[in-house]
Amino acid sequence: MTIRLDHVLEPGSGKAVEVRRGEVVRVEQLEGGQCADFNAFNLHDYREFFHCGRTRVLHGMFPTAGDMLWSAPPRERPMFTIIADTAGINDLSFPRCTGVLFEYAWGYETHTNCQDILAEAEREYGLTPDDVHDSFNLWMNTKIDADTGRLSVERNTSQAGDYVELVAHFDCLVVVSVCGADVFNTSNFSLKPLRLAVRTATADERVEWLLPEARRFANQRVVEDFKIKEIRTERELSRDPTYVADFPGFPIRTTSVEVELTDDEYRQLEALRSHGGFGATDGEVLRHAFFTWCLDHWMQPHP
Amino acid sequence: MSGQLVAVEINQQQAELLDRLVAQGVGASRAEVLRNGFAGFCADQMALPEPAE
């Protein structure tokens, strides 16, 4: 095992680091109680980046050891697997904090915030503030009210020495910031340093965690699939007069299938229709019931 | 079988799924797959525990 980078992230700062396939990035508490914001990009195509939404749907709001971090559609593939998480209080619900948040909430003209820290760290690789994306929030102890759906932040329970380790499935640029929120509960109202390290995965870790390199679905769109392959440089948007729409699967055509039900089955269908919530017509109720059954019995679990 | 005929509107993507289920032996036709799925749904509902009072 070779440690390639070992860096202390001071409060108010962040760092962009290359993490190659098969390497492990580790973020570690030095004093405890500090939130970190985590961004990631494909090192060879920065337009592929970590996606909170896809990850949230597949692994829930609080990813931990064994869960994967996914890139945004249309690439939509595993970027990392979390191979260790000693505290287990990570979050995918909150967006990164911003200077605007501290300005309108507290009146600050200048305040440390993850948007600006991540942007400044990413600038080392030519990225701009527009490239910062919503973060995987390490050690952010959040709760969701089941009735209202409202989010809250609880006290950060991480301790000195707690760490999160992620193995990269392809070459990435990882950007980590020491969350700048000291007037919220995120880091227990004080900002503290974190350790950021990159090492090679052990042979056992590679066997246990590293996904096959060639894994790909036909619908994971890559640049070669795009009708426009170039990245825009003009900020102004204008209509392409030669544009002709070409939506996949369009137009949608419907057909009618006549299904013969026994009297008993039809009585069940009538009962569902009168119960409500399954559709207004016999056909809608049967279609609802059929596809619900399909979801339960025939849909493939996500890889 | 003498029973009730129910017309189910499906689109081409849903028809593709039905055809795959026909190929997997869920039923001999789209109509039979729909009917078997409906029966499966009803059986699943019957298997659910009664809601608590």
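Which residue in S13(A) does His7(A) stand opposite? The residue is Leu196(A), and this pairing is a good place to start. The model is predicted, so to speak of local features we need pLDDT of at least 70, with side-chain atom pairs counted only at pLDDT 80 or more, while totals for chains, interfaces and linings use all residues. Residues are numbered from 1 along each chain as its sequence is written, chains are lettered from A and ligands numbered from 1 in the order in which they are written, and side-chain values use heavy atoms, leaving out hydrogens and water.

S1(A) joins S13(A), residues 194–200, in the antiparallel sense over 6 bridges. Here helices (H or I, at least four residues) and strands (E, at least two) are DSSP runs numbered from the N terminus, and two strands pair if DSSP finds at least two bridges between them. The wider setting is an open, antiparallel sheet of 6 strands in chain A, ordered S1-S13-S3-S11-S7-S6. Strands S1 (3–9) and S6 (68–70) of chain A are at its edges with a single partner strand each, so one side of each has no neighbour in the sheet. From one strand to the next, the twist averages 20°.

Now for the charged side chains. Over all chains there are 22 salt bridges, a salt bridge being a side-chain nitrogen of Lys or Arg within 4 Å of a carboxyl oxygen of Asp or Glu. One of them joins Arg195(A) and Asp6(A), at 2.8 Å from N to O. This pair links S13 and S1 of chain A across 189 residues of sequence. Another salt bridge brings Glu124(A) to Lys15(A), at 3.7 Å. Glu124(A) sits in the loop between H3 (114–122) and S8 (136–138) of chain A, and Lys15(A) in S2(A), so parts 109 residues apart in sequence are tied together.

Let's move to the partner chain. The contact (heavy atoms within 4.5 Å) takes 33 residues from chain A and 31 residues from chain B. The two chains bury about 3,300 Å² between them, 67% of it on carbon and sulfur atoms; buried area is the accessible area (1.4 Å probe) that two parts lose on being put together, summed over both.

Strand pairing appears here too: S14(A) and S1(B), residues 4–11, run antiparallel over 8 bridges, with Gln4(B) as the bridge partner of Leu261(A). Between chain A and chain B the count is 1 salt bridge, and Arg35(B) forms a salt bridge with Glu265(A), with the closest N and O atoms 2.9 Å apart.

Terms used: Axes fitted to C-alpha atoms, helices over the stretch in contact; angles between N-to-C directions.
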